[in-house]
Amino acid sequence: EDIDRIEVISGPGGALWGANAVNGVINIITKSAKDTQGAYVEEGGGNQLDDLTGARYGGSISPNTYYRVYGKYVDRVGEVMTDGAPGLDAWRQGRGGFRIDSDLSSSKALTVKGDFYEGYENEPTGGAATTSGANLLGRWSRRFSDDSDMSLQSYIDRTHLIDPEPALMLGALQLAPPGPLQDDLTTYDIDFQDRFGAGAYHRIEWGLGFRRTHDAVVDAPGLAVLPNVLDQNLYSTFVQDEIL
């Protein structure tokens, strides 16, 4: 209900989309807050999807500024093994968020959006994994003409995982007791892109990007990750010339 379109781009796309875009890119583009005004509620369920609940409301702050807020909850029962035994992998998650779209002028636009979530997943080894996180994104764009525009986008994303690990066994000998593995990953990203025409036959697009990740792990008694803290910086730039 919030999706505007889905773009499937096959082939290498690292120049525009980053180092991980090796075989293709799938863009899920959501609707502007201007296009989701009013109230929307959904409810569903079944023998596997135990409960699906969602609510959204959109309104306006000013004549050119629109917003929406939403909340969702999903609860899925566990799967079944081929021998009929329960899979013990039931999970549930709640999430909420907001989006604000503002037309600053006829040529400038600003988008601010954020989400947060928390969920639990049962594990066949016992216990339940806990996942939670939040993100905040801001995007400013300016349009000069049909062939010229620029955009600046930045976001921060944080994920948190607590995963219960079983005891480390060697036959009947317990080498380490059971205990949780904890992982916290924080990502900072900023991206700039500019597009313009050069003469009658060239369309130039170029951009700059920077991403920093901070990953911190607290080991479980029977499972360790080395190094426990890892900081990585990724710088990127590209230039593309489309010849008409």
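Me: Phe 210: buried, partly exposed or exposed?
Reply: Partly exposed, because its relative accessibility comes to 27%. Keep in mind this is a predicted model.

Me: And which ring does Phe 210 pair with?
Reply: Tyr 235. The two rings sit 5.0 Å apart, centre to centre, with 40° between their planes, so the pair is classed as tilted, the class for angles that are neither under 30 nor over 60 degrees.

Me: Where in the chain are those two?
Reply: Phe 210 is in strand 13 and Tyr 235 is in strand 14 (residues 229-243), 25 residues apart, so the pair links distant parts of the chain.

Me: Is Tyr 235 buried or exposed?
Reply: Exposed, because 61% relative accessibility is over the 50% cut-off.

Me: How many aromatic pairs does the whole structure have?
Reply: The search turns up 2. One of them is Phe 192 with Trp 206, edge-to-face, at 5.4 Å between centres and 65° between planes. Phe 192 belongs to strand 12 (residues 179-198), while Trp 206 belongs to strand 13 (residues 202-218).

Me: What's the accessibility of Trp 206?
Reply: 28% relative, which means Trp 206 counts as partly exposed.

Me: Switching to the sheet: what's the strand order?
Reply: 3-4-5-6-7-8-9-12-13-14, an open sheet of 10 strands with antiparallel pairing. The average twist from one strand to the next is 10°.

Me: Which strands are at the edges?
Reply: Strand 3 (38-44) and strand 14. Each has a single partner, so one side of each lacks a neighbour in the sheet.

Me: How many bridges join strand 3 to strand 4?
Reply: 7, with the two strands running antiparallel. One bridge partner in strand 4 is Ala 55, which pairs with Val 41.

Definitions and conventions:
Residues are numbered from 1 along each chain as its sequence is written. This is a predicted model: local features need pLDDT of at least 70, side-chain atom pairs count only at pLDDT 80 or more; totals for chains, interfaces and linings use all residues. Side-chain values use heavy atoms; hydrogens and water are left out. Rings of Phe, Tyr and Trp (its six-membered ring) pair if their centres lie within 6.5 Å; planes under 30 degrees apart count as stacked, over 60 as edge-to-face and the rest as tilted. Helices (H or I, at least four residues) and strands (E, at least two) are DSSP runs, numbered from the N terminus. Buried means under 20% relative accessible area, exposed over 50%, partly exposed in between (1.4 Å probe, protein chains only). Two strands pair if DSSP finds at least two bridges between them. Axes are lines fitted to C-alpha atoms, for helices over the stretch in contact, and angles run from 0 to 180 degrees between N-to-C directions.
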